[in-house]
Amino acid sequence: MYSGWGRCLSACLSENQSNHLMALAPQQPSLYASVLVDCPAASEAYTYQVPAGWCLQGGEVVEVPFGSQVVRGIVLEVLETVAPSVDPQRLRSLLEVVDQQLFPKDYWALLEQIATYYCTPLIQVVRTALPPGVLGRSQRRVRLRRQQGIPPLSEQGQHLLRFLQTKGNGDYSVRYLQQQLPKVERALAELERLGLVETYLAAPASQQPKQQQAVILLNSEGETLTQRQRQILRYLQQQGRDCWLQEVVKATGTTAQTLHRLAAKGYIAIVEQQHCRIEQGVAVTPDRPKALTPAQATALQAISAHLDCAQTFLLHGVTGSGKTEVYLQAIAECLGRGRSALLLVPEIGLTPQLTDRVRARFGERLLVYHSGLSEGERYDTWRLTLMPQPRVIIGTRSAILLPLVGLGLIILDEEHDSGYKQDQPQPCYHARTVAQWRSRQQQCPLILGTATPALSTWQAVQTGQIQILSLPQRIHATPLPPITLVDMRQELHRGNRSMLSRPLQDALGNLQGQQAILFVPRRGHSTFVSCRSCGTVIYCPHCSVSLTGHLFGEEMEVLRCHYCNYSQAVPQRCPSCASPYLKPFGGGTQRVVSELNRLFPQLRVLRFDSDTTQRKGAHRRLLAQFAAGEADVMVGTQMLTKGIDLPQVALVGILAADSLLHLPDYQAAERTFQILTQVAGRSGRGTHPGKVILQTYVPQHPVITAVKAYDWDTFATQELSSRAPLGYPPYAQLILLRLSGPDAEEVAATAQAIAQQLQTLAPVSQGEWEVLGPAPAAIAKIAGRYRWQILLKGKLERVSNLSPALMHLKEQCPRSTRLSIDVDPLNFL
C-alpha cells in the first residue's frame, strides 16, 4: 500500500505517493465528500465538493473552509449525489489532501463505538486517537507592518503596540493576545485601521516525515581512490544497505566533504530519504526463550490454541510467577503467524525492565508508543502500524487506539491498574474495555495479566465470560514472603513515637548486604501543617485541600498543593491567630527519608516518587542505581508496585497502610488489597528469602488479614457479596457527570437543572437508571473551579439508551461551566 519509505522499509509515505493528491484522473461526474471537521462547534458531518480530477477515498485527512477559518477534517465517504435539499452550486470545495488512508475500514467502526459508549463527539475521539499535528485549525494571527510614523493612539492601542514591538518578532495569534492583554479586540481594530498591523489566517501546522541525507553505494572499486575513501566504501559494502550520512561520518571518522567528493566521482550517491523517528531505547543483550514451568506451559498452550479467535484470558499469577515469559512466547508465536501483537502497560516510565526484556527478545520489530514521545516519533510510529509487517508494540493506554493492521494478540499487563482509565479529557475510555472490543473485531485473543485482578474481571471469570489461566507458584517454587503485622497502637503504648515500628527498625538494622523497599502512600514530608494554638490548617487558596509540606535540604521550606501545584513558603506565624507554633502532621516519603537518615546514618537511601522522577529517564536512572547496589533502601509511593523486579530486595516495609482503606470510595478495599499485595510481592524474588512488615492500626480488618494470607479468593468473594445488594459495579453500571466552573452558585444551579432534566428521560422514569445527586465533589474546588457531581446508576450495558441525551446536556451549560461525562468511572474524588 505504501512504498519508498527509505530506511524505515515502508515507514512514511514516499513523495510520489504524497503527491498523488492532485493527480489527474479521466473526466468523471462531480463528486462530493462527507467530512467530519475538527471544530468544537461541529457535531455532524458537512458536505463539500471534490475538485475535478482528485482521487479521494474515505479516511483521508483534508483541509476545508469552515466559516472564516481553514480547518482539517476526515473524509467519511465520497458521494456521487447530494440530498435534494442541497444546492451543489453552493457547496464549498475541498482545499487540500493532507494525509492519506490513516484509518482502515474496520478501525473507523471502533472509533464510532468508542464515541457512542463514552458519550463523546466522534471528532473528539478521532482527535484523541490520531497523533499530534494531523488535525488542526487555522489561526488568526497579527503581525506588525513597516511604520513610517505613529499617529495618536488610545491608551489600549499604545499598550498593544508596545507589546508587539518589544516582544519577540511582533507576530502573535489573536488568542494569545487575548490571554495576555485586556480588551485587546478594540485596540487591535484601531491598529489595523491605521495600517500599523495586519491580521492574516495561518494554515494549520502539518506533521511531516523527516527528511535526512542517505548514502547509497554505487561502485566499490576504482584506481583514483585514496586509502580513506577505500575504507569508506569497504564500510558501506559491509553494511549491505543504504546508510545515513551522519552514521557513515561517525563510523568511519570521515567528513561530509569527503563523502561529497566520492559522490562527485560516481562511487556513491547522496540522496534525501525519509527517516523514521521512533524511540530507540537503550542497548540490550539479545535474549532467548526460557524453559517454562508446567503451569506456564499449560497457559501458553491454551493461548496458542486460540490465536485465531476472540477469547479473553485472565493470566492469574502470583507476583514473580513468570507472567512476562508467557507473554513473550505467546507474542513470538503470534509473529510467527504473520500478525502483530500489542502489549499494554499502565505507565511506560515505570516499566523499563519489561520494555528492555521485550526489546532483547524481538529487537528491531519492537515499536514503543506513549504520550512521552515527541510529536514526530508518535506520527512515524503511527504510520508504521499501518503497514502489514508483523511487529510488537508496547505502550500505555493510548496505544490501544493505534490502527494496527494485522493485529493478532492483545495483552494488558497489570490489568487491574487504574492507569488504564482516562479521567479527562473525554473520551474517558478504559483501555481494557476497548481491548475487548478490538479482540472481538479482529478475532484475536486478549490476555489480562495480574496477581490481583479487578473485581469486574474476576466476576466475569466466575460467570464463564473469561477463561482463567493460573500460575500459583513463583519461578523455582520460591515461597511468597511472609507478612508480619505490626499493631501501631501497641508501638505507641510502648513509647515508640517514630514512624518506623521496632520490628521494622530491627530488620533495617540487620539487612546484611540485602536491600529494602519502604512503601509510603504519600509523597512530600507532611500531610498537612496545623497551628497547635488554634488548630487552623493551612489550605490551598485555589483548592479544597490542605497544603503538603516539602523539604528542601534539612528545613521544610515549601507548602505545595498536589492538585493545582500552587506553592508558598511556610509562614512564620499562624495566619489566623499569629501563633508561632505551627507543626507538620502526618508523613510522606520525605519525612520517612529524614527518619531513616536520623536512625540509620549508615544506610544509603533513594526516594522514588513523582517529585524525584519528573525528568525524562529519571525512573530508569533511579531503578538502575538501586539494582546496581548504589543504595540500601528505596522509599517510594505506589510507583513501587508497578513492574519492578529487584532480586536483591529481601525486606519490604509498608507504612500507613490504613490510609488507603478509609477513602470515600466503594473501591477502597479492592485498591488497598491490590496495592499492598503488589508491593509485598517486590520482596524475595531472588535467591534470598524475603519478608514483609506491614504497619497498621487495624490488624483485624478483613482486608489486612486477607493480604497477610495472600488470600485473594476469600477477599474477592466477601467484597463481591457486599457490593451485590448495594448495586455497585460489577453488578450495575455507573456514569459520573462532573461540572466545574469559577462561579460557585452558577455551577450549583447548573447541576440542579441538569439533575432535574435527567429525571424526565425515559430510561430514568422507567427505572432503568437512577439519578444520585447532585452534590459537591469530595474535593469541592480545584484550581479555582468549583466542582459538583451527579451519579447515574443503571443496568449493565444500557449506556446506549442514555448516550444521545447526555451528549446534548453540554449545550445547556453556561459558557464558563464545563461538563464532562465519565462512563464506568474509577475516580470519584
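Start by selecting helix H10, residues 294-304, in this predicted model. What lies over its buried residues? The cover includes strand S12 (312-317), helix H11 (323-336), strand S17 (446-450) and strand S18 (467-471). Show those elements as cartoon, then put sticks on the buried residues of H10: Gln 296, Ala 299, Leu 300, Ala 302, Ile 303 and Ser 304.

Next, the cysteines. How many disulfides are there? The count comes to zero. Pick Cys 428 and look for the closest cysteine sulfur: that one belongs to Cys 119, and at 9.8 Å it is too far for a bond, given that a disulfide needs the two sulfurs within 2.5 Å. Is Cys 428 buried or exposed? Cys 428 is buried, with 0% relative accessibility. Hop over to Cys 577 and you'll find a partly exposed residue, its relative accessible area being 35%.

Now for a pair of helices. Select H4 (residues 155-166) along with H6 (residues 184-193). Their axes are 8 Å apart and the packing angle is about 80 degrees, so the two helices are roughly perpendicular to each other. Add side chains where they touch: H4 brings Gln 156, Gly 157, Leu 160 and Leu 161, while H6 answers with Val 184, Ala 187, Leu 188, Glu 190 and Leu 191. Colour this contact by class and you get six nonpolar residues, two polar ones and one charged.

Last stop: a sheet. Select S30, S31, S32 and S33, which form an open sheet of four strands. In what order do the strands run? Reading across, the order is S31-S32-S30-S33, and the pairing is antiparallel. Zoom in on the edges, where you'll see S31 (769-782) and S33 (818-823); each has a single partner strand, so one side of each is left without a neighbour in the sheet. Look for the twist too: on average, neighbouring strands are turned by 20 degrees against each other, ignoring direction.

Stay with the sheet and isolate S30 (residues 733-741) and S32 (residues 785-794), an antiparallel pair joined over nine bridges. For a landmark, click Leu 739; its bridge partner in S32 is Trp 788. Then bring back helix H25 (residues 799-808), which packs on the sheet and touches S30, S31, S32 and S33. Line up your view along S30 to compare directions: that of H25 makes about 15 degrees with that of the strand.

Terms used: Residues numbered from 1 in each chain as written. Predicted model: local features only at pLDDT ≥ 70, side-chain atom pairs only at ≥ 80, totals over all residues. Heavy atoms only, no water. Axes fitted to C-alpha atoms, helices over the stretch in contact; angles between N-to-C directions. Parallel < 35°, antiparallel > 145°, perpendicular 65-115°, else oblique. Contact = heavy atoms within 4.5 Å. Nonpolar A, V, L, I, M, F, W, Y, C, P; charged D, E, K, R; others polar. Pairing = 2+ DSSP bridges. Buried < 20%, exposed > 50% of the residue type's maximum accessible area, 1.4 Å probe, protein only.
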